[in-house]
Amino acid sequence: MRHSNKNIGCGSCKRKKVSTRGSQKESCNEFRSLLVRKIVGEILPHEKRELDVHLAQCLLCATEEREFSTALQRFGSLPDPEIPAELYEKTRQTILGYLREEKIRQK
Ligand SMILES: [Zn+2]
């Protein structure tokens, strides 16, 4: 029970449109949806390349990717009693939320 953070990951770049020099932080939000698409296998090759570059530079997003993919792998394999239903649901909602945002943005 070390961390009880309600939101996964990137605290500093979440929602805030920080316009410091460069667009590193702003682009984090964009990369989140790429991240989700990579994990669900819907990412395009050029997007994946961009994402990989970003993940190499952004620890927060890299951590988030690991959390997402670990969670998804577990969901996809054996029924794992170690996963609390709460965590399952939270992660699922987070992913669905990102996907929904993505769809809205594309329209
Ligand atoms: Zn980032």
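**Four helices and a shared core**

Going along the sequence, the chain runs α-α-α-α, with 4 helices and 0 strands (DSSP runs numbered from the N terminus: H or I of at least four residues for helices, E of at least two for strands). The model is a predicted one, so local features need pLDDT of at least 70 and side-chain atom pairs count only at pLDDT 80 or more, while totals for chains, interfaces and linings use all residues. Residues are numbered from 1 along each chain as its sequence is written.

Of the chain's 107 residues, 18% are buried. Here, buried means 20 or more other C-beta atoms within 10 Å of a residue's own, exposed means 12 or fewer, and partly exposed falls in between, with C-beta atoms placed from the backbone.

The largest nonpolar core (buried Ala, Val, Leu, Ile, Met, Phe, Trp, Tyr and Cys residues joined through C-beta atoms within 7 Å) has 12 residues, including C28, F68, A71 and Y98. Helices α1 (24-40), α2 (45-57) and α3 (59-76) each give two or more residues to this core, and α1 gives the most, with 5.

L51, one of the core residues, sits in helix α2. Why does L51 count as buried? Because L51 has 22 C-beta neighbours inside 10 Å. Setting aside neighbours within four places in sequence, L51 is in contact (C-beta atoms, placed from the backbone, within 7 Å) with F31, L34, L35, K38 and I43. L51 and C61 are 10 residues apart in sequence, and their C-alpha atoms are 9.5 Å apart.

Conventions:
Contact = placed C-beta atoms within 7 Å.
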